[in-house]
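Me: I'm new to this structure and would like to go through it slowly. Could you show it to me before we start?

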Amino acid sequence: MHGDHVWGLPALLCAAKFRVNAEIYGPQGIRDWLRMSLKSCRAKVPSKYKVHELILTQEKSLERVASLHVPANPHDDELPGNDISCSGDGVWHVLQDETLDIKAGLLTHNVPCWGYVLTEVKSEAEKESAGETTRGSRKVVILGDTANSKALTTAGRDADVVVHEATLGNCNKETHSTPEMAGSFAKSMNAKVLVLTHLNRNAGTSKLPATAYLDPAKRAFGRDSVVLAEDFLSLSL
């Protein structure tokens, strides 16, 4: 729920033209915050939207159940969302449909924060396509602020891409990760590609060259397939 991760969400909802209702998944509190932000600005959302919250306890007060299914003073374009609790396997099963399986794991940070594993779901026809060598399902791990992401080690193993924060300078290793920590985690996951994000503002400049991130991450990862995130970056899997 830190501002650098959520402040852009109201603008995205208001500007984007989704073909279906927008569905948002995030920490407990994102529903009320988004509702308040949109209503305070008297903003309209072109499509309807709903918010699903990942919660840390399965206990639900009567007030929370009531606000979940019959929202108090909802935004005009808001639809009721769901609460998602942790499953017995230690992860939050966020979504599964005919194309995608999404799981979430709790990260170590100074506020509740989750990372996500997105795994491609293949149909039986794709799995059994004759005369064609089919590759395994593609998998992407996207982490938020984190000092420890071990909760996703099993779900994210053999990921095609791991998107991991990398902070330099005054990095608090109890709340954030250095490039070396990002590389070590990607190696433990047997990932193919590591994308570094949440970079310092001067990354890629003469003050802070890209090599300050890339070199230590590559050494810890044991591979050269490390890239710095940038707007509109595209990777082929």
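Reply: Two strands are said to pair if DSSP finds at least two bridges between them, and helices (H or I, at least four residues) and strands (E, at least two) are DSSP runs, numbered from the N terminus. This is a predicted model, in which local features need pLDDT of at least 70 and side-chain atom pairs count only at pLDDT 80 or more, while totals for chains, interfaces and linings use all residues. Residues are numbered from 1 along each chain as its sequence is written, and side-chain values use heavy atoms, with hydrogens and water left out.

Me: OK, so in which sense do β6 and β7 pair, and over how many bridges?

Reply: Strand β6 and strand β7 (residues 114-120) pair in the antiparallel sense, over seven bridges, and G105 stands opposite G115 in β7.

Me: And how many bridges are there between β5 and β6?

Reply: Strand β5 (residues 92-96) and β6 (residues 100-106) have four bridges, again in the antiparallel sense, and H93 has K103 in β6 as its bridge partner. The two strands, β5 and β6, form a hairpin with three residues between them.

Me: Stepping back, what is the secondary structure of the whole protein?

Reply: There are seven helices and 11 strands. Of the 237 residues, 41% count as buried, where buried means under 20% relative accessible area, exposed over 50% and partly exposed in between (1.4 Å probe, protein chains only).

Me: Let's switch to α6. Which of its residues are buried?

Reply: In helix α6 (residues 179-188) the buried residues are P179, A182, G183, F185 and A186. Seen down the axis of α6, these fall within an arc of 165 degrees (taken from the directions from the helix axis to the C-beta atoms), so they line one face of the helix.

Me: What do those buried residues pack against?

Reply: They pack against β9 (161-165), β10 (193-197) and α7 (211-221), with contact meaning heavy atoms within 4.5 Å. After α6 comes N190, whose phi is positive, near 60 degrees.

Me: Last topic: how much area does the protein expose?

Reply: The protein exposes about 13,500 Å², of which carbon and sulfur atoms supply 52%; accessible areas come from the Shrake-Rupley method with a 1.4 Å probe, and for residues only the protein chains shown count as cover.

Me: Where is L235, and is it partly exposed or buried?

Reply: L235 lies in the segment after β11 (226-228) and is partly exposed, with a relative accessible area of 39%.
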